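Biologist: I'd like to go through this model with you and hear the reasoning behind each label. Could you put it up for us?

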Amino acid sequence: MSRVLSAVAWPYANGPRHIGHVAGFGVPSDVFSRYMRMAGHDVLMVSGTDEHGTPILIAADEAGLSPQELADRNHRIIAEDLAALGVSYDLYTRTTTRNHHAVVQELFLGVHQNGYFVEQTTYGAISPSTGRTLPDRYIEGTCPICGYDGARGDQCDNCGNQLDPADLKNPVSRINGETPEFVETQHFFLDLPALADALGEWLDEREATGLWRPNVIRFSQNILKEIRPRAMTRDIDWGIAVPLEGWQDNPTKKLYVWFDAVIGYLSASIEWARRSGDPEAWRQWWNDPEALSYYFMGKDNITFHSQIWPAELLAYGGKGAKGGEPREYGELNLPTEVVSSEFLTMEGRKFSSSKKVVIYVRDLLSRYQPDAFRYFVAAAGPENQDADFTWSEFVRRTNDELVAGWGNLVNRTANLIAKNFGEIPAAGPLAPEDEAVLGVVEAAFDTVGGLIGRHRQKQAIGEAMRAVGEVNKYVSDSEPWKLKGEDQRERLATILHVMAQCVADLNLVLAPFLPFSANLVDAALGGPGDVAPMPRLEDVEDLDGGAGYPVITGDYSTAPRWERRPVVVGTPVVKPTPVFTKLDPSVVEEELARLAGE
RNA sequence: GGGGCGUUAGCUCAGUCGGUCAGAGCAAGGGACUCAUAAUCCCUGGGUCGUGGGUUCGAGCCCCACACGCCCUACCA
């Protein structure tokens, strides 16, 4: 048994999240975490809402809200969505807590004290009216190369050339139309070159495990070759103050949002520990070199998790070329594995909120079972390459695989037992075919568990469903419905007992993927319906006197072990109601019409 | 422009070290059964593994070029 940190990407608070987001980090991280708990590991699963940065300011302006109001609103929406999806965070918090601000400042001071920040002057655009950094992509103008009018500051969409915003003709801010001002400004740069050797050693060691997905490790090693110092502060009035004399009180100098967002993994662990009553408990996941940490995200976030975040950790620990000593947090563990997924597309197109190529988590969950979506993501999600979500495929996966395969097995099992015995019967002597099917099902614990542990969830759920098929075949071959005579009653009891055991086993194997239905299936076989503990949304006070906020938390210690639990003979079983809802094929057209804008 | 990943049956995808690796699921066609949300079980069809070269006794698997798709390109997060 090990300590396992499940570090889940922090959703950005500029709006509600769509199903592509949760397909990338939400479902995979929850499947993994639920399995690891059942396998006996001590899992700490943390995340939260990422609430700083320029896009929040822009979204707030558009909505006529303050940035904090916008963040409050979206944090609540996102947390509700994730809880509704059943993602079992030990703590899902946010970056505007006082705890997070303090932890980020401590990290900054450690990195600074060890000499891994260098002050540099840069030349960049600001908005004259607000003094805020105007990121390149928010500037547009005429391309100096091809003359195209709608060129962005970083790149011309017409000729494809990379640009420097200062070279654009007639540059204007896309935010408010004003002409940007190009100014000299002072920033702290993270001295990544001084950390490059340490990062390279870490990546080589990680590569040697053979566990990282090839594209993630290759990409990470590649960006190391051209590593340069990177600015970790911004001219902006929304974010975490730079905790140094002369900077602390400067209202328009803040830490870069990515510097603070990745620290959320640590600050959320600390917040969790403080709320648990043992404020030092987080150290078991962060200071013990034996502890494991898995980071879940979409592929656009790899840089920040395989370079920036480990660089911050190394710098804080004094592990780079400049040496140094850690401060109060001690030596912090680097990621064991960066588990990055690819992207989900939508009916063949990229998700885009502005172009309305989008399905929000909330909308999907308002009309369909969370487990139907979770099944789709596990079975057909963007694990190793981009995957396409289509409504017809969603309906097919739900009806032909989930309902027809697993749902039907549960239903026919409970029905036969209810009809013939009203309770789980005792088995007589087992025939070879009984032994065989029980063996196949029990073996699924090892194969499926091993695959989930190696982040092969598609194959894992495929193996689980294959075992479901084996049991359906066993039922068809055994034909228990034909055993009507009194002399056949013991054989009938044996078959139904074996079926009940198989369903109970497979239900545990599927529980990480389908937690809501796992509880329903457990109840259908007369159990208490608690095999998959659920997260809860809870309003809490800020620990340090700030405003209260909702979090996701839960007690998952009751999750059963990842092994066969013998069914209890005599457990009452009544005629079941179907666990899964079969979808009418017409939903495909309805949803496509909805996408097209009614 | 540079870097990375991908392109395998109608669809969605597996293919570890180059040698039964040409596969699975679903869809399609045929049959069986009736406990079950017309669900289940059995059988069958189907691919010159993006294109063009190369290395090799032998290549989805290695090398080169090209096409298409996607990600990153470090002040978007």
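Biologist: Let's start just past helix 3: which residue follows that helix, and what is the sign of its phi?

Modeller: Helix 3 is followed by G86, and the phi of G86 is positive, near 85°. Keep in mind throughout that this is a predicted model.

Biologist: How do you know that the length of helix 3 agrees with what its residues should span?

Modeller: Helix 3 covers residues 67-84, which is 18 residues, and at 1.5 Å a residue these should span 26 Å. The C-alpha atoms at its ends are 25 Å apart, so the two values agree.

Biologist: Which residues of helix 3 are called buried?

Modeller: They are L70, A71, N74, H75, I78, A79, D81, L82 and A83. The label is used for a relative accessible area under 20%.

Biologist: Why is S173 called buried, and where is it?

Modeller: S173 belongs to strand 7. Its relative accessibility is 4%, and the cut-off for buried is under 20%, so S173 counts as buried. Beyond its neighbours within four places in sequence, S173 is in contact with L134, Y138, E178 and P180.

Biologist: And S353, what makes that one partly exposed?

Modeller: Its relative accessible area is 43%. Partly exposed runs between the 20% and 50% cut-offs, so S353 falls in that class. S353 sits in the loop between strand 14 (344-346) and helix 10 (361-367). Leaving out neighbours within four places in sequence, its contacts are V358 and Y360. An unreviewed UniProt entry lists S353 under "binding site".

Biologist: Back to strand 7: what makes it an edge strand?

Modeller: Strand 7 is part of an open sheet of three strands, in the order 6-5-7, with antiparallel pairing. Strand 6 (151-152) and strand 7 (169-173) each have a single partner strand, so one side of each is left without a neighbour in the sheet.

Biologist: How do you know that strand 5 and strand 6 pair?

Modeller: Strands count as paired with at least two bridges between them. Strand 5 (residues 139-142) and strand 6 have two bridges, in the antiparallel sense, so they qualify. Across that pairing, E140 stands opposite R152 in strand 6.

Biologist: Why is strand 1 described as largely enclosed?

Modeller: Strand 1 (residues 3-8) has six residues and five of them are buried, so the rest of the structure largely encloses it. Strand 1 pairs with strand 2 (residues 42-49) in the parallel sense over five bridges. There, S6 stands opposite M45 in strand 2.

Biologist: Now the RNA: how many residues surround strand B, and which are the closest?

Modeller: There are 59 residues around RNA strand B, with N222, E226, R412, R456 and K582 the closest. Of the RNA strand B atoms that come within 4 Å of the protein, 72% belong to sugar and phosphate.

Biologist: Which element gives the most to the surface near RNA strand B?

Modeller: That is helix 12, with 13 residues. Among the others that each supply at least two residues are helix 2 (54-63), helix 7 (257-276) and helix 14 (457-478).

Biologist: What makes the approach of R396 to RNA strand B a polar contact?

Modeller: An N or O atom in the side chain of R396 is 2.6 Å from a sugar or linking oxygen of RNA strand B. A polar contact is a pair of N or O atoms within 3.5 Å, so this one qualifies. R234 also has a side-chain N or O atom 3.3 Å from a sugar or linking oxygen of RNA strand B. For W258, a polar side-chain atom lies 3.2 Å from a base nitrogen of RNA strand B.

Note on methods. Residues are numbered from 1 along each chain as its sequence is written. Chains are lettered from A and ligands numbered from 1 in the order in which they are written. This is a predicted model: local features need pLDDT of at least 70, side-chain atom pairs count only at pLDDT 80 or more; totals for chains, interfaces and linings use all residues. Side-chain values use heavy atoms; hydrogens and water are left out. Helices (H or I, at least four residues) and strands (E, at least two) are DSSP runs, numbered from the N terminus. The expected span of a helix is 1.5 Å times one less than its number of residues. Buried means under 20% relative accessible area, exposed over 50%, partly exposed in between (1.4 Å probe, protein chains only). UniProt positions are given in the numbering used here, feature names are shortened, and annotations may be inferred rather than shown by experiment. Contact means heavy atoms within 4.5 Å. A residue is near a molecule or strand if one of its heavy atoms lies within 4 Å of it. A polar contact is a pair of N or O atoms within 3.5 Å; within protein, one must be able to donate a hydrogen and the other to accept it, and residues adjacent in sequence count only if both atoms are side-chain atoms.
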